[in-house]
Amino acid sequence: VLVGADGVGGTVARQMGIYESLEDYPLVHGLNLYISEGDWRSCRLFKEKVPLIGLGYENMQGYAFAYPFRTGVQLGVFAQRREGLEAHFSSWRQRLWERGYIPSGGGEVAKRYFAPAGVGLLLEKNYEKRTLLVGDAGGFCIGTTAHGIQPAFLSSEVAVEIILKGLEEGNLDEWIPTYSKTWNLRFGEYIKGSIELQSNLSFLLKMIFKDERICARYAQGFLFGKKVI
């Protein structure tokens, strides 16, 4: 049994004929920078340990972010269009630095990134004979943050369960085709809901920030895929 966990541009998915043309899928484009050198421990982002999210930053169809970690701080932007990302990133970085959230830094270069937001829902299947795709390789990426760590855990869990049952019963060829139905039942609504929330964010922004309770509820949906209604 082969489990493909090597990302959207990975070898396993390509050999299965998936993602031959990435332009056919809804990709989310991003730039991010991880700062782990210098005086990052003295910046506000690390000290306050509160993530910063700029929904619709500078009217782009996406968001800006800054996260504190134990070993550094990360900042970046994600958007549905790749054009103008550098300008948005530079503006966001400057704004964070002026307010003391991040260190001034040196010559660090932000890394480009793209994610197949919700593509798992569009693929005919995420398996082939005795091969299962998990994480980004299977298109399991939420539509709001473009992050895939949680769907990666969930899809891996489903894959392991199916493989173990197939091995125990000696009928892997019958169990593997149940992968699509099983992950859809387990977390399909999570991915679908994140895409719907992202598509409505521009309309909802003014309402979200008028009330602290509504804001907190939508933050749970945006970051963790929880239902907001």
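**Exercise 1. Cysteines and disulfides**

Find how many disulfides the whole structure holds, and classify cysteine 43 and cysteine 215 by burial.

*Solution.* Start with the rule: a disulfide is a pair of cysteine sulfur atoms within 2.5 Å. A search of the whole structure returns zero disulfides. The model is predicted: local features need pLDDT of at least 70, side-chain atom pairs count only at pLDDT 80 or more, and totals for chains, interfaces and linings use all residues. Residues are numbered from 1 along each chain as its sequence is written, and side-chain values use heavy atoms, with hydrogens and water left out.

Next, burial. Buried means under 20% relative accessible area, exposed over 50%, and partly exposed in between (1.4 Å probe, protein chains only). Cysteine 43 has 4% relative accessibility, so it counts as buried. Cysteine 215 has 26%, so it counts as partly exposed.

**Exercise 2. The overall inventory**

State how many helices and strands the protein has, and what share of its residues is buried.

*Solution.* Helices (H or I, at least four residues) and strands (E, at least two) are DSSP runs, numbered from the N terminus. The protein has seven helices and eight strands. Of its 229 residues, 46% are buried.

Now the contacts, meaning heavy atoms within 4.5 Å. Take the contacts between residues at least 6 apart in sequence: 65% of them join residues at least 24 apart.

**Exercise 3. Aromatic pairs**

Count the aromatic pairs, then classify the pair of tyrosine 57 and tryptophan 92.

*Solution.* Rings of Phe, Tyr and Trp (its six-membered ring) pair if their centres lie within 6.5 Å; planes under 30 degrees apart count as stacked, over 60 as edge-to-face and the rest as tilted. The count is ten aromatic pairs. For tyrosine 57 and tryptophan 92, the ring centres are 5.1 Å apart and the planes stand at 70 degrees, so this pair is edge-to-face. The pair links distant parts of the chain, 35 residues apart. Tyrosine 57 is in the loop between β3 (52–55) and β4 (62–68), and tryptophan 92 is in helix α3 (residues 85–98). Both residues are buried.

Two further ring features follow. Tyr63, Phe65, Tyr67 and Phe78 form one aromatic cluster. A charge sits over a ring if NZ of Lys or CZ of Arg is within 6 Å of the ring centre and within 35 degrees of the ring normal. The charged end of lysine 49 sits over the ring of phenylalanine 46, 4.1 Å from the ring centre.

**Exercise 4. Nonpolar cores**

Identify the residues with the most contacts inside the largest nonpolar core, and the elements that give two or more residues to this core.

*Solution.* A nonpolar core is a set of buried Ala, Val, Leu, Ile, Met, Phe, Trp, Tyr and Cys residues joined through side-chain atoms within 4.5 Å. The largest has 23 residues, and Leu45, Leu75, Val77, Trp92 and Leu96 have the most contacts inside it. The elements giving two or more residues are β2 (28–35), α2 (44–48), β4, β5 (73–79) and α3. A second, separate core has 17 residues, including Tyr127, Ala159, Phe187 and Tyr190.

Look closer at leucine 75. Beyond four places in sequence, its contacts include Leu31, Leu33, Phe65, Trp92, Leu96 and Ile102.

**Exercise 5. Strand pairing**

Give the strand order of the open three-stranded sheet, and explain why β1 and β7 stand at its edges.

*Solution.* Two strands pair if DSSP finds at least two bridges between them. The order is β1-β8-β7, with mixed pairing. β1 (2–4) and β7 (127–128) each have a single partner strand, so one side of each lacks a neighbour in the sheet. β1 and β8 (residues 131–133) pair in the parallel sense over three bridges. Glycine 4 stands opposite leucine 133 in β8.

Threonine 131 also lies in β8. Its relative accessible area is 14%, so threonine 131 is buried. Beyond four places in sequence, threonine 131 contacts Leu2, Val12, Met16, Asn126 and Ile176.

Compare the β3 and β4 hairpin. These strands run antiparallel, joined by four bridges. Leucine 55 has tyrosine 63 in β4 as its bridge partner. Six residues lie between the strands, and glycine 56 takes a positive phi near 60 degrees.
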